[in-house]
Amino acid sequence: MTERLSLMTAAPDLYAPMLALTKAAKKGLDPALVELVQIRASQLNHCAFCLDMHTKDARKAGETEERIHLLNAWEEATGFYTEKEQAALALTEAITHLTDGFVPDAVYARAAAHFDDTELAHLIAVITMMNSWNRLNVAARTPVGGLLPGAAAPSRSAAS
């Protein structure tokens with residue numbers, strides 16, 4: 001796959017505020033949970049760049065290989081994810097797909113049972129930002145590889 005556009009080079013004025021909003025969205029949330037949510041959204045959106053980045057960051061945050069590998073089938077992986085993580089992953093899928101044009105009340109209520117209002121607002125923002133990063137990177141065909149854990153981006157590409 002050939003990169004179409006270097007987002008960071010072409011539009012640095014868009015890149016910096018997105019990074020700032022992403023950082024603010026993560027505030028107060030467990031870093032490992034954030035990485036699981038970001039990986040799951042990236043799986044659903046087929047964003048190889050973000051999958052590469054966030055699987056590396058998840059490992060750095062202490063996530064196991066087994067849980068990372070099973071994330072694509074989290075609902076069937078009984079006992080590997082907490083109820084809170086499952087609620088966050090269900091919300092991630094509902095927000096990412098929006099196939100019915102809304103987030104189902106049951107999915108929202110499940111998440112609200114595990115997160116206070118501030119945490120829930122931040123979780124929704126993390127999911128929304130990840131979807132934005134995925135769409136930018138997929139559209140630009142940001143190349144995979146070359147990232148170290150915790151790196152914001154390679155020098156010429158957008159990141160999440």
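User: What makes up the accessible surface of the protein, and how large an area is given for this predicted model?

Analyst: The accessible surface comes to about 8,100 Å², and 59% of that area belongs to carbon and sulfur atoms. Such areas come from the Shrake-Rupley method with a 1.4 Å probe, and for residues only the protein chains shown count as cover. The model is predicted, so local features need pLDDT of at least 70 and side-chain atom pairs count only at pLDDT 80 or more, while totals for chains, interfaces and linings use all residues. Residues are numbered from 1 along each chain as its sequence is written, and side-chain values use heavy atoms, with hydrogens and water left out.

User: What makes the pattern of the protein α-α-α-α-α-α-α-α?

Analyst: The protein has eight helices and zero strands. Helices (H or I, at least four residues) and strands (E, at least two) are DSSP runs, numbered from the N terminus.

User: Why is the protein called as compact as a globular protein of its length?

Analyst: The radius of gyration is 15 Å, close to the 15 Å that the globule rule gives for 160 residues, so the protein is as compact as a globular protein of that length. The radius is taken over C-alpha atoms, and the rule is 2.2 Å times the number of residues to the power 0.38. Along its principal axes, the C-alpha trace spans about 40 × 30 × 30 Å.

User: Why is Thr-22 called buried?

Analyst: Buried means under 20% relative accessible area, exposed over 50%, and partly exposed in between (1.4 Å probe, protein chains only). Thr-22 has 5% relative accessibility and therefore counts as buried. This residue is found in helix α2 (residues 12-26). Leaving aside neighbours within four places in sequence, Thr-22 is in contact (heavy atoms within 4.5 Å) with Met-129 and Trp-133. Across the protein, buried residues make up 45% of the 160 residues.

User: How do you know that Asp-52 and Lys-56 meet in a salt bridge?

Analyst: A salt bridge is a side-chain nitrogen of Lys or Arg within 4 Å of a carboxyl oxygen of Asp or Glu. For Asp-52 and Lys-56 the N to O distance is 3.3 Å, and the pair is a salt bridge. Both residues lie in helix α4 (residues 48-60), four residues apart, about one turn of the helix. Asp-52, at 16% relative accessibility, counts as buried. A search of the whole structure finds five salt bridges.

User: What makes the salt bridge of Arg-67 and Glu-85 a tie between parts apart in sequence?

Analyst: The side chains of Arg-67 and Glu-85 meet at 2.7 Å, N to O. Arg-67 lies in helix α5 (residues 65-70) and Glu-85 in helix α6 (residues 83-97), so the pair ties together parts that are 18 residues apart in sequence. Both residues are buried. Together with Glu-63, they are linked in a network of salt bridges.

User: How do you know whether Arg-59, in its salt bridge with Glu-65, is buried or partly exposed?

Analyst: The two side chains meet at 2.3 Å, N to O. Arg-59 has 37% relative accessibility and counts as partly exposed. Glu-65, at 36%, likewise counts as partly exposed.

User: What makes the phi of His-46 noteworthy, and why is the residue called exposed?

Analyst: Most residues other than glycine have a negative phi. His-46 has a positive phi of about 55° although it is not a glycine. The residue lies in the loop between α3 (31-45) and α4, and its relative accessible area of 68% is why it is called exposed.
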